[in-house]
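Hi everyone, thanks for making time today. I'd like to walk you through one chain, so please have a look at the screen before I start.

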Amino acid sequence: MAPRPAMGSGVRVPTQGVPTNCDSSDSRYSGNSTYRGGGFRSALLRLVLCAFLVVAGSVSGVPSAQARVLGSTEMVPPPLYTPPPPVNGEAPMPPPLHAQIIEYEVQSGDTLWDIATAFGTDPETLAVINEMQNWNRLRPGDRVKVLTMSGLIHKVAPGDEAEAVANKHGVDLIDFLAVNGLQKGQSLPVGEDLILPGARPQREAVLAARGELYRWPTRGRLTSPFGYRWGSFHSGIDIATSTGTPVVATRAGRVTFAGWRGGYGYLVILDHGGGISSYYAHLSSIAVRTGQVVDTEALVGRVGSTGRSTGPHLHFEIRVNGNPRNPMDYLP
Ligand SMILES: [Zn+2]
């Protein structure tokens with residue numbers, strides 16, 4: 001893991017208003033829910049203020065600010081968590097766990113570490129809840145979901161029950177209910193994002209987030225990037241190197257195609273699960289058979305210039321549900 005860079009570049013004067021969802025007189029947030037302008041300090045102050053208001057609110061009997069800041073498409077606030085009234089003379093219940101799901105717009109110079117630190121969470125949480133394939137590829141303007149504590153997010157499906165969801169992720173049921181402002185026995189709001197406090201992501205999701213799941217299929221000179229070029233769409237990247245150079249699996253997977261396919265020439269396609277596949281084209285020879293399961297960096301073939309090609313190179317693609325994605329977003 002890279003050392004956390006200094007916060008210097010991330011701390012800037014905010015240029016836009018920070019959401020006022022912590023107003024204790026009205027917890028329903030109705031503004032733009034995206035933090036912009038790199039206002040880490042401001043956001044941090046706001047969160048501290050939030051926590052203060054929540055504590056103050058629950059102690060003084062004022063409704064606590066539990067509305068979560070969601071993306072503009074999900075503006076339905078969850079039910080407020082109402083702690084049971086204190087029994088005669090006994091100390092009041094502790095305030096509920098406080099966490100939010102916020103959307104943050106990445107500013108130039110931001111790293112995931114900056115953002116995580118500013119919002120009191122950790123980079124793995126942010127990478128996994130955003131299904132990042134390589135957290136080093138964060139770009140200014142990207143909108144990332146921020147969970148302001150370590151944990152995961154569960155999107156409620158029909159039939160989900162609190163206890164089963166909490167158990168599945170190793171989360172304490174009471175914490176799960178409290179952080180989401182839910183009562184015991186209450187049905188879960190279908191389609192809404194719920195917080196799984198402290199839940200740990202699966203190993204593969206963490207590897208992906210760190211940019212450690214994919215490997216370069218071969219080494220050479222990048223001669224053509226992904227995307228539109230000269231009026232046509234290039235569905236992968238071209239890596240030029242000499243004929244016969246080994247081509248290896250970018251990630252473990254199953255061979256779903258190994259043979260000749262038109263302009264691709266000799267082609268190997270690997271299925272990595274989850275709708276993700278990789279293509280290795282213009283090969284001079286193929287080293288695998290359809291149906292074979294291969295490890296990361298297993299030899300799948302050798303560089304060539306078969307099919308529609310003007311010289312020896314590997315044409316490499318990554319597809320998600322059949323749609324080409326920029327391989328550079330996945331490669332380390
Ligand atoms: Zn190409």
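One term before we begin: two strands count as paired if DSSP finds at least two bridges between them. And please keep in mind throughout that this is a predicted model.

Let's begin with confidence. The mean pLDDT of the chain is 77, and 71% of its residues reach 70 or more. Over residues 1-34 the pLDDT stays under 50, although the model has 64 contacts there beyond four places in sequence. Residues 37-84 also have a pLDDT below 50, and that stretch has 95 contacts in the model beyond near neighbours in sequence. Where pLDDT is low, the predicted coordinates should not be read in detail. I'll therefore leave the details of those contacts alone, given that pLDDT is under 50 over residues 1-34.

Now the overall picture. The chain has 6 helices and 18 strands. Of its 332 residues, 35% are buried. Among contacts with a separation of 6 or more, 66% are between residues 24 or more positions apart.

On to the cores. In soluble globular proteins, nonpolar side chains tend to be buried together. Here the largest nonpolar core has 36 residues, and those with the most contacts inside it are Ile115, Leu126, Ala127, Val146, Phe176 and Ile195. Which elements supply at least two residues each to this core? On the helix side they are α2 (112-118), α3 (123-129), α4 (162-168), α5 (173-179) and α6 (203-210). The strands are β2 (101-105), β3 (143-147) and β5 (193-197). Besides this core there is a second, separate one of 23 residues, which includes Ala258, Tyr266, Tyr279 and Ile286.

Let me stay with Ala127 for a moment. Setting aside its neighbours within four places in sequence, Ala127 is in contact with Leu112, Met132, Trp135 and Ala209.

Ile286, from the second core, takes us to a sheet. This is an open sheet of 3 strands in the order β10-β16-β14, with antiparallel pairing. Its edge strands, β10 (246-248) and β14 (285-286), each pair on one side only. Between β10 and β16 (residues 299-302) there are 3 bridges, and between β14 and β16 there are 2. Pro246 stands opposite Arg302 in β16, while Val247 stands opposite Gly301. Coming from β14, Ile286 has Gly301 as its bridge partner in β16.

I'll finish with two loop residues. Where does Ser235 sit? Ser235 is in the loop between β8 (232-234) and β9 (237-240). And why is Ser235 partly exposed? Ser235 has 18 other C-beta atoms within 10 Å, and burial would need 20 or more, while exposure would need 12 or fewer, so Ser235 falls in between. Apart from neighbours within four places in sequence, Ser235 is in contact with Glu317 and Pro324. Ser235 and Pro324 are 89 residues apart along the chain, but their C-alpha atoms are separated by 5.6 Å.

The other one is Glu192, in the loop between α5 and β5. Glu192 counts as partly exposed because it has 16 C-beta neighbours inside 10 Å. Its C-alpha atom is separated by 8.5 Å from that of Ala157, 35 residues apart along the chain.

That's my tour; over to you for questions.

Definitions and conventions:
Residues numbered from 1 in each chain as written. Predicted model: local features only at pLDDT ≥ 70, side-chain atom pairs only at ≥ 80, totals over all residues. Helix = DSSP H or I, 4+ residues; strand = E, 2+ residues; numbered from the N terminus. Core = buried A, V, L, I, M, F, W, Y, C linked by C-beta atoms within 7 Å. Contact = placed C-beta atoms within 7 Å. pLDDT = per-residue confidence, 0-100.
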